[in-house]
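Trainee: Pick one part of this model and take me through it slowly, please. I'd like the cut-offs spelled out as you go.

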Amino acid sequence: MNEELETTTPEMETRTECMKDYEDQFDMSDPWHIVQRYLDEKTNLTLKVEGVVNGGVIVKVEGLRGFIPASRLSLSYIEDLESYLLKEITVRVIEVDPEEHRLVLSAREILKEKEAKERSARISSIQVGTVMDGVVESIQSYGAFVRFEDGLSGLVHVSQICEKRIKTPADVLKIGDPVKVKVIGIKDGKLSLSIKALHEEKDEEDENLHVEIPKSEEIGTNLGDLFKNIRL
């Protein structure tokens, strides 16, 4: 009995490889595959805002209609979405759903990363022992947060607010109070501050400046000692 052997010619191999290449190219030409890759690789895209709708703005990505929610346009609340119309904005794809034709993008993640990098650079320029002027931003049971002009903020622990013992920071501070603080620690990009340390330093300076004046009778005795051996 003769067995039929399946043979493959070089021409067939070449044709198979070419078909696979075409299939890969076809997949990557699908805009939904492209935006999915943008999502997976966290690609930054600079796009022009082409429309303003209720709750956000519209952009075009690879010919697809993309939506950027208003809450994802900035780190703060936006009153006028129209101000973004026809402007370019750098965003990332955060949701892809081909079946629902849903494509959502966001600028918020990029802005957060930029803010964190700038904050880290500013903090690296501060040294422990630096004295700074700030304003009480918020009060918690465990301490008060103080904000500075450059946008940085730090925590004054309740134990570092004043020399006397207090139950809560609200006993001596309120939001909006201007305060002078000393940086007593920097860890994991966070500033530890103290108001008490400055008061203690001032008390030490006052003690060093204190001069003890001798009593009047001591002055007289000293003068007598000076002239007791002088003969007239």
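**Around a charged pair**

Mentor: Start with Glu 113, which is partly exposed at 42% relative accessibility; on this scale, buried means under 20% relative accessible area, exposed means over 50%, and partly exposed is what lies in between, using a 1.4 Å probe and protein chains only. Keep in mind that this is a predicted model, where local features need pLDDT of at least 70, side-chain atom pairs count only at pLDDT 80 or more, and totals for chains, interfaces and linings use all residues. Residues are numbered from 1 along each chain as its sequence is written, and side-chain values use heavy atoms, leaving out hydrogens and water.

The partner of Glu 113 is Arg 92: their side chains form a salt bridge, 2.9 Å from N to O. That pair links distant parts of the chain, with Arg 92 in strand β5 and Glu 113 in helix α3, 21 residues apart. By salt bridge I mean a side-chain nitrogen of Lys or Arg within 4 Å of a carboxyl oxygen of Asp or Glu. As for helices and strands, they are DSSP runs numbered from the N terminus (H or I with at least four residues for helices, E with at least two for strands). In contrast to the partly exposed Glu 113, Arg 92 is buried, with a relative accessible area of 13%.

Helix α3 has another charged contact. Arg 72 and Glu 109 make a salt bridge whose closest N and O atoms are 2.4 Å apart. Arg 72 sits in the loop between β4 (64-69) and β5, while Glu 109 is in helix α3 (residues 108-124), so this pair ties together parts 37 residues apart in sequence. Both ends are partly exposed, Arg 72 at 28% and Glu 109 at 27%.

Now back to the strand that carries Arg 92. Strand β5 (residues 88-97) runs antiparallel to β6, and five bridges join them; two strands pair if DSSP finds at least two bridges between them. Right after Arg 92 comes Val 93, whose bridge partner in β6 is Leu 105. Side chains in a regular strand alternate between the two faces of the sheet. The β5 and β6 hairpin has four residues between its strands, and His 101 takes a positive phi near 55° there. Strand β6 itself (residues 102-106) is mostly covered, with four of its five residues buried.

Further along the chain, there's one more salt bridge to set beside these. Asp 133 pairs with Lys 180, and their closest N and O atoms are 2.9 Å apart. Asp 133 is in strand β7 and Lys 180 in strand β10 (residues 178-187), so to speak two distant parts of the chain, 47 residues apart. Lys 180 is partly exposed, at 45% relative accessible area. The structure holds six salt bridges, the ones above among them.

Strands β7 and β10 also belong to a closed barrel of five strands, running β7-β8-β9-β11-β10 with mixed pairing. Within that barrel, strand β7 (residues 131-140) and strand β8 (residues 143-147) run antiparallel and are joined by five bridges. One position to look at there is Val 136, which stands opposite Val 146 in β8.
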